[in-house]
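Visitor: Please pick one part of this model and go over it closely. Start from that part and follow what surrounds it.

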Amino acid sequence: MKAAVVESAGHAPVYKDFAEPQAETGEVAIDVMAAPLSQVTRARASGAHYSAANTFPFVPGIDGVGRRADGKLVYFVLPRAPFGGMAERTVARESFCVPLPDGIDAVTAAAMAIPAMSSWMGLKTQARLAAGEVVLINGATGTSGRLAVQIAKRLGAGKVIATGRNKDTLAALKTLGADVVLPLNDDGDALEADFARAIADGGVDVILDYLWGPSAERLLAAIAKSKNTGRAARFVQIGASGGATIELPYSVIRSYPLQMIGCGIGSVPYDVMLRSIAESLQAGANGGLVVETRAMPLVSIAEHWNDTSSTVRTVFVT
């Protein structure tokens, strides 16, 4: 079969022949229709992601949409290595497949599933968002953050505060449900003051953090110095595009009722992740959630491997 093949770390995949996968007990064979390009997929291919196996060659792609032998359309995640989503065919555990709901096409579902799952699971399962609560999304201008704004409103948030560097993209988030937008800047003291003003009216209940790094430091400092509302703020850590580490003074933890919660592979059981994907795909059917996509033929994998647009999701189709 034809597939995108990563032959060594640090090099883009090449489109070539690869061994045909054979389903084992508990698995299903899938004719792949669409597979999204994500930061996690790129990071695993480079060996930089904490979940990377670093065994070469292999087919990249941690998820996608395809058709089973019985004709059913499914979303699948975590195919068995060395097979991945960016191939004509792959294999995955049957329990790692979600039936595709009516009203959503393969490209949209592939583009939406994991980004939507991150905030759906973060808000509903990890933070247990209650109706009317205030949600702050740190890093809301990418695909995941834009979906997070929509999902927070759909799940009942009373107020959504969205942060990001791109002012034009931030402004557009108001059409997706953001009540307040806050541009990020490199002046730490000024940024902390901006965060303090943003949460001064009504506090904040849930933070979805896609950035970590300096902005998370300043946000946590602003929360710690804010008026204690008597209710705990739940800080859900999802991504680290702003930096791998932060400095966390003891005063931040001791001066405010703050919960730090992880949300990702390893911190959440797979059955919870799959349920969150199924629920978010159902929510996205019939245009219920908006995601921008760009469909590219798999044969062009090398040309588009480094597509880094934060707002448009590249999806490879076979």
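Guide: Helices and strands are runs assigned by DSSP, a helix having at least four residues and a strand at least two, and they are numbered from the N terminus. This is a predicted model. The part to look at is the end of helix H8, together with what surrounds that helix.

Asn-286 is found in the loop between H8 and strand S14 (292-297). Its phi is near 55°, a positive value in a residue other than glycine. Most residues other than glycine have a negative phi, and most peptide bonds are trans. Is Asn-286 buried or exposed? Its relative accessibility is 68%, so Asn-286 counts as exposed, because the cut-off for exposed is over 50%.

Now go back into the helix that Asn-286 follows. H8 covers residues 270-284, which makes 15 residues. At 1.5 Å a residue they should span 21 Å, and the end C-alpha atoms are 21 Å apart, so the two values agree. The expected span is taken as 1.5 Å times one less than the number of residues.

Which residues of H8 are buried? They are Val-272, Met-273, Leu-274, Ser-276, Ile-277, Ser-280, Leu-281, Ala-283 and Gly-284. In an α-helix there are 3.6 residues a turn, so residues three or four places apart point the same way. Among the buried residues of H8 are Met-273, Ile-277, Ser-280 and Gly-284, and that spacing can be followed in their numbers.

The cover over these buried residues includes strand S5 (73-77), strand S7 (97-99), helix H2 (106-126) and helix H3 (143-154). Three of these names lead further into the structure: S5, H2 and H3.

Take S5 to begin with. Five bridges join it to strand S4, and the two run antiparallel. One of the bridge pairs is Arg-67 with Leu-73 of S5. The hairpin of S4 and S5 has four residues between the strands, and there Gly-71 takes a positive phi near 90°. S4 (residues 63-68) is mostly covered, with five of its six residues buried. On S4 there is also a pairing with strand S3 (residues 27-36), again antiparallel, through four bridges; here Val-32 is matched with Gly-66 of S4. Beyond S5, in the loop between S5 and strand S6 (89-93), lies Pro-82. The peptide bond joining Ala-81 and Pro-82 is cis, with omega about 10°.

H2 and H3 lead to a sheet. Six strands form this open sheet in the order S10-S9-S8-S11-S12-S13, and the pairing is parallel. Strand S10 (180-183) and strand S13 (258-262) stand at the edges with a single partner strand each, so one side of each has no neighbour in the sheet. On average, neighbouring strands of this sheet are turned by 15° against each other, direction ignored. S10 pairs with strand S9 (residues 159-164) in the parallel sense over four bridges, and Leu-182 of S10 is the bridge partner of Thr-163.

H2 lies across strand S8 (134-138), strand S11 (206-209), strand S12 (233-237) and S13, and runs at about 150° to S11. H3 packs on the sheet as well, touching S8, S9 and S11, and its direction makes about 175° with that of S9.

The loop between H2 and S8 holds Arg-128. Like Asn-286, Arg-128 is not a glycine and has a positive phi, here of about 50°. With 64% relative accessibility, Arg-128 counts as exposed.

H3 has one more role in this picture. The structure holds one cavity of 30 Å³ or more, and the largest cavity has a volume of about 40 Å³. Which residues line it? They are Thr-143, Arg-146, Leu-147, Gln-150, Leu-176, Val-290, Val-291, Glu-292 and Thr-311. The largest share of this lining, four residues, comes from H3.

To sum up, H8 has buried residues whose cover includes H2 and H3, H3 packs on the parallel sheet, and the helix is followed by Asn-286 with its positive phi.

Conventions: Residues are numbered from 1 along each chain as its sequence is written. This is a predicted model: local features need pLDDT of at least 70, side-chain atom pairs count only at pLDDT 80 or more; totals for chains, interfaces and linings use all residues. Side-chain values use heavy atoms; hydrogens and water are left out. Buried means under 20% relative accessible area, exposed over 50%, partly exposed in between (1.4 Å probe, protein chains only). Contact means heavy atoms within 4.5 Å. Two strands pair if DSSP finds at least two bridges between them. Axes are lines fitted to C-alpha atoms, for helices over the stretch in contact, and angles run from 0 to 180 degrees between N-to-C directions. On a 1 Å grid over the protein atoms alone, a cavity is a set of points where a 1.4 Å probe fits but cannot get out, and a pocket is an open set with protein on both sides within 12 Å along at least five of seven lines; lining residues have an atom within 4 Å of a point. Grid points are joined across faces, edges and corners, and a volume is the space filled by probe spheres set on the points.
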